[in-house]
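User: I should like to learn how to read the features of a structural model. Could we work through one together, beginning with burial?

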Amino acid sequence: MDFTLLLSTFITVFLAELGDKTQLATVAISGTTNRPFAVFLGSASALVFASLLGAMAGGSMAALIPENLLQLLASLGFLIIGLRLMFSNLSLSSAEVEAPEK
């Protein structure tokens, strides 16, 4: 087993999942019940299943699309998402500056 790949994947996914919608949903659901272990099992199972689907889809795509092109497309996707988030935040900030407070 490639432990370097395992560790880098774990760290990347762990950091990406901190504070995201899934974690907030898990906190909200856990707050409505006195059975946090059941919430943990459901949440963990869902994350494992979603990761399995992603890994299988990635493996299938890698067999059809050259690795360099796949990495380029993923990079462009993240770049587009980042730019959209950045510009939506900038437009919100400028709208707040232009709008006078009452």
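Analyst: Burial is judged from relative accessible area, with under 20% counting as buried. In this chain, buried residues make up 1% of the 102 residues. Please bear in mind that the model is predicted.

User: What does the chain expose, and which atoms supply 73% of it?

Analyst: The exposed area of the chain is about 8,900 Å², and 73% of that area comes from carbon and sulfur atoms.

User: How many helices and strands are there in the chain?

Analyst: The chain has four helices and zero strands. Along the sequence, the pattern reads α-α-α-α.

User: How do helix 2 and helix 3 pack?

Analyst: A packing pair is described by the angle and the distance between the two axes. Helix 2 covers residues 21–31 and helix 3 covers residues 36–64; their axes lie 9 Å apart at an angle of about 150°. Angles over 145 degrees count as roughly antiparallel, so helix 2 is roughly antiparallel to helix 3. The crossing of helix 2 past helix 3 is right-handed.

User: Which residues make the nonpolar surface patch?

Analyst: The patch, of about 920 Å², is made by L69, L72, L73, L76, L79, I80, L83, M86, F87 and L90. One of these, L90, belongs to helix 4, which spans residues 67–98.

User: Why does L90 count as partly exposed?

Analyst: Partly exposed residues fall between the buried limit of 20% and the exposed limit of 50%. L90 has 48% relative accessibility, and therefore counts as partly exposed.

Notes: Residues are numbered from 1 along each chain as its sequence is written. This is a predicted model: local features need pLDDT of at least 70, side-chain atom pairs count only at pLDDT 80 or more; totals for chains, interfaces and linings use all residues. Side-chain values use heavy atoms; hydrogens and water are left out. Helices (H or I, at least four residues) and strands (E, at least two) are DSSP runs, numbered from the N terminus. Buried means under 20% relative accessible area, exposed over 50%, partly exposed in between (1.4 Å probe, protein chains only). Accessible areas come from the Shrake-Rupley method with a 1.4 Å probe; for residues, only the protein chains shown count as cover. Patches are made of residues with over 30% relative accessible area and no salt bridge: like charges are joined within 9 Å, nonpolar side chains (Val, Leu, Ile, Met, Phe, Trp, Tyr) within 5 Å. A salt bridge is a side-chain nitrogen of Lys or Arg within 4 Å of a carboxyl oxygen of Asp or Glu. Axes are lines fitted to C-alpha atoms, for helices over the stretch in contact, and angles run from 0 to 180 degrees between N-to-C directions. Angles under 35 degrees count as roughly parallel, over 145 as roughly antiparallel, 65 to 115 as roughly perpendicular and the rest as oblique. A crossing is left-handed if the near helix is turned anticlockwise from the far one by less than a right angle, and right-handed if clockwise.
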